[in-house]
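Student: I would like a close look at a single part of this model, set in the context of the whole chain. Please take it step by step and connect the parts as you go.

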Amino acid sequence: MNNNNKKILVVSNSDDAHLIQESLKTTDIKLDIISEYSLESVLKCLANNKFDSIILDTNILDKNGPEILKNIARKFPDLPIITLLTDIKNKDINSIKNIN
């Protein structure tokens with residue numbers, strides 16, 4: 001991995017993570033992209049690596065999106081998180097809006 005590249009963590013199910021990665025490869029920005037698929041692996045990855053941002057798909061297998069977002073935001077409050085709202089309910093949208 002190149003130290004000048006932006007390091008992005010993609011959190012999604014494996015099929016969607018692949019689509020997100022392919023989309024990001026079309027940019028002119030140099031990126032190092034890592035994908036994780038569960039809350040446990042995400043938190044472990046964040047504890048052991050420094051990322052410039054996270055792309056979080058709310059449709060992940062082991063937890064619901066708002067719960068994952070709350071966990072990450074609480075443990076890494078300065079890390080920018082881009083949230084993709086796929087397959088989400090209205091109550092979850094309100095929950096996400098209230099996360100600081």
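Student: What percentage of the contacts in the chain with a separation of 6 or more comes from residues 24 or more positions apart? With that settled, please concentrate on strand β3 (residues 53-57).

Tutor: Residues 24 or more positions apart account for 72% of the contacts in the chain with a separation of 6 or more, where a contact means heavy atoms within 4.5 Å. This is a predicted model, in which local features need pLDDT of at least 70, side-chain atom pairs count only at pLDDT 80 or more, and totals for chains, interfaces and linings use all residues. Residues are numbered from 1 along each chain as its sequence is written, and side-chain values use heavy atoms, with hydrogens and water left out. The pLDDT is the predictor's confidence in each residue, from 0 to 100; the chain averages 80, and 74% of the residues score at least 70. Confidence is lowest in helix α4 (residues 90-97), with a mean of 61, and highest in β1, at 90.

The chain has four helices and four strands, which follow one another in the pattern β-α-β-α-β-α-β-α; helices (H or I, at least four residues) and strands (E, at least two) are DSSP runs, numbered from the N terminus.

Now to β3 itself. Five of the five residues of β3 are buried, so the strand is largely enclosed by the rest of the structure; buried means under 20% relative accessible area and exposed over 50%, with partly exposed in between (1.4 Å probe, protein chains only). Ser53, Ile55 and Asp57 point one way from β3, while Ile54 and Leu56 point the other way, and all are buried. Ser53, for example, has a relative accessible area of 11%, and, leaving aside residues up to four places away in sequence, Ser53 touches Lys7, Ile8, Leu9, Leu79 and Pro80.

The strand also has pairing partners, two strands being paired if DSSP finds at least two bridges between them. Four bridges join β3 to strand β1 (residues 6-11), and these two run parallel, with Leu9 standing opposite Ile54. Four bridges likewise join β3 to strand β4 (residues 81-84), again in parallel, and there Leu84 is the bridge partner of Asp57.

Ile54 leads on to the nonpolar core, a set of buried Ala, Val, Leu, Ile, Met, Phe, Trp, Tyr and Cys residues joined through side-chain atoms within 4.5 Å. The largest such core has 15 residues, and those with the most contacts inside it are Leu9, Leu46, Phe51, Ile54 and Ile72. At least two residues of this core come from each of β1, α2, β3 and α3 (65-75), and α2 gives the largest share, five residues. Apart from this core lies another, of six residues, among them Ile8, Ala17, Leu24 and Ile55.

Helix α2 (residues 39-48) has Leu39, Val42, Leu43, Cys45 and Leu46 as its buried residues. Seen down the axis of α2, these fall within an arc of 160°, so they line one face of the helix; the arc is that of the directions from the helix axis to the C-beta atoms. The face turned away from the buried side carries the exposed residues Glu40, Lys44, Ala47 and Asn48. Leu9 links these elements, since its contacts beyond four places in sequence include Val42, Cys45 and Leu46 as well as Ser53, Ile54 and Ile55.
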